[in-house]
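Work through the exercises below with the structure open beside you. Try each task before reading its solution.

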Amino acid sequence: MIGYPKRMPTLWRWDGEDEKHITLIVQKTMSVQLLNPTAAYIYYCCDGEKTLDDIIELFLKKYNVEKGRITQDVKEFLNFLISIGAVCYEHNGHSVNKLT
Amino acid sequence: MLELMPDVFSPDFTVYRDDYEDFFTYIDELNQHNLLPKYFTAPVFILWEITSKCPLNCLYCYNNSPKKVDELTTEQLLQIAEEIGKLKVFAVCLSGGEPSARPDFFTIAERLLDLKIPTSTITNGWNIDSDKAKNYAKYFQSVQVSLDGPNAEIHDKVRRREGSFDRAVRAIKLFKESGIDRISVSFAATVHNIDSFPSVVELCQDLGVSSLRTQPLVIIGRAGINHQEVPTKEQFEKLREYIRNTKKEGQKGCLELEWGDPVSHIRTGLRLGFSLSMRITAEGFLSLTPYAPYIMGHVLKGGIQQGWEKGLRTGWLHPRVKEEMSKISSIYDIQYLDDKALSYVHL
Ligand SMILES: C[S@@+](CC[C@H](N)C(=O)[O-])C[C@H]1O[C@@H](n2cnc3c(N)ncnc32)[C@H](O)[C@@H]1O
Ligand code: SF4
């Protein structure tokens, strides 16, 4: 499935002493979410131009981990971001609310 | 990941959790795996007291408003707003004193809106008319009105001005009429009004407000001077129990009841080490929260960023703050900090 995860418009910033965390406002709950560095990298990659596979490839380059596991982890985390409304995922012009 | 629930309506943005022992275990686990930052690049929330002017004179006001201080000019306030925008602060609460007593109140609010900074405000409702209410609807994500009793007799006694109850209720109605969705009420408990809380709950339901919040008084400022007005531990426990039970029963329809706890707020700060919030006083002093009244900077000396970087971002770890705050085990210990209020912490 080719789709392009995209950050929803909100206030967010790189955060923490080495600016590898991200903090953002979750509009749905008006709460502030702090993302740890790996979560932050995935969120950052959701620019509406990269596919899920692109993100996984980038992730593999950055972190030395096994592909099978990472695919599942990235999907799960993207599903979390979609569920809180921080990211939307479009596939063939339709928005998808869960990656399988 | 960690969700930091900003309580944008309380004077201190309490990160309160009923299950905070679990929360601390969670924090420790995250720390073990190096998943938490050592500090944030900028405040997450700012409590901004834009004035010390106030038409009321509540028995317990933590910052002793109304009082005469060298307030900042409109230009200086706008400069602060600019910096807040640049630093991407996630929530600002305009407070005071009575924030609407400043003629440039909406100018500041408008600038924050233009900068896309989520902003809320707190008011005693004294000078709200329907035009002003429309401006509140335009500029603020949520508005909190202080209501210290279910009737004029009780409320006006605590807030020490006749007519203040009627005006607070009128303000809530005008805010509703102007379409503000999130109107909350805060109730500060003293010996005069603590038993009337259930009636305030009823009133809030009738008025259609979305949440009602209370917490033990912070025994600082006038609450320290008038300490005979502070309820006992047992009275606060009873109030807390009432809130817990009412929430459990889920009886209050759309009205959400909230309980804040200054002591757990302090414990959270000490445990996390890093700060989430910053308080700016009407004079421009910078401190962590009203509960930790150590001045760690001034907006006119390097601005928010310098105050944050030089000390506030890890202010809970400052040896003096840590030593004194660690001794606080109940709200009644907070009063001993008062003589240290407005004293500089040398960084
Ligand atoms: C300082 S007032 C400023 C806004 C406005 N003048 C008002 O009263 O709503 C902000 C909030 O702080 C609360 N407050 C003031 N002193 C307090 C104290 N010693 N302990 C707890 N809350 C306090 C007030 O009841 C009010 O809801
Ligand atoms: S609590 Fe608010 S209304 Fe009361 S004296 Fe303080 S600033 Fe004024």
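The exercises cover the chain interface, two ligand sites and some backbone geometry.

This is a predicted model, in which local features need pLDDT of at least 70, side-chain atom pairs count only at pLDDT 80 or more, and totals for chains, interfaces and linings use all residues. Residues are numbered from 1 along each chain as its sequence is written, chains are lettered from A and ligands numbered from 1 in the order in which they are written, and side-chain values use heavy atoms, with hydrogens and water left out.

**Exercise 1. Describe the interface of chain B and chain A.**

Step 1: count residues. Chain B brings 26 residues to the contact and chain A brings 23. Contact means heavy atoms within 4.5 Å.

Step 2: give the area. About 2100 Å² is buried between the two chains, and carbon and sulfur atoms give 63% of it. Buried area is the accessible area (1.4 Å probe) that two parts lose on being put together, summed over both. The size of an interface is often given in this way.

Step 3: list the polar links. There are 8 residue pairs in polar contact across the interface, both residues at pLDDT 80 or more. A polar contact is a pair of N or O atoms within 3.5 Å; within protein, one must be able to donate a hydrogen and the other to accept it, and residues adjacent in sequence count only if both atoms are side-chain atoms.

Step 4: sort chain B's side. Strand E1 (residues 2-4) of chain B gives the most to it, with 3 residues. Strands (E, at least two residues) and helices (H or I, at least four) are DSSP runs, numbered from the N terminus. By class, this side has 19 nonpolar, 2 polar and 5 charged residues. Ala, Val, Leu, Ile, Met, Phe, Trp, Tyr, Cys and Pro count as nonpolar, Asp, Glu, Lys and Arg as charged, and the others, Gly among them, as polar.

**Exercise 2. Find the salt bridge between the chains.**

Step 1: start from the whole structure. The search finds 15 salt bridges over all chains. Each is a side-chain nitrogen of Lys or Arg within 4 Å of a carboxyl oxygen of Asp or Glu.

Step 2: restrict to chain B and chain A. The count there is 1.

Step 3: name the pair. Lys38(B) meets Glu17(A), with the closest N and O atoms 3.8 Å apart.

**Exercise 3. Map the surroundings of ligand 1.**

Step 1: find the neighbours. The ligand has 20 residues around it, and Tyr60(B), Tyr62(B), Ser146(B), Ser186(B) and Val218(B) come nearest. A residue is near if one of its heavy atoms lies within 4 Å.

Step 2: check polar atoms. A nitrogen atom of the ligand is 3.0 Å from a backbone N or O atom of Tyr62(B). An oxygen atom of the ligand lies 2.5 Å from a side-chain N or O atom of Ser146(B).

Step 3: class the shell. It divides into 9 nonpolar, 9 polar and 2 charged residues.

**Exercise 4. Link ligand 2 to a cis peptide bond.**

Step 1: list the shell. Among the residues surrounding ligand 2 are Cys54(B), Ser65(B), Gly97(B) and Arg222(B).

Step 2: inspect Ser65(B). A cis peptide bond joins Ser65(B) to Pro66(B), with omega about 0°.

Step 3: inspect Gly97(B). The bond from Gly96(B) to Gly97(B) is also cis, with omega near 25°. Gly97(B) sits in the loop between strand E3 (91-95) and helix H3 (105-114) of chain B.
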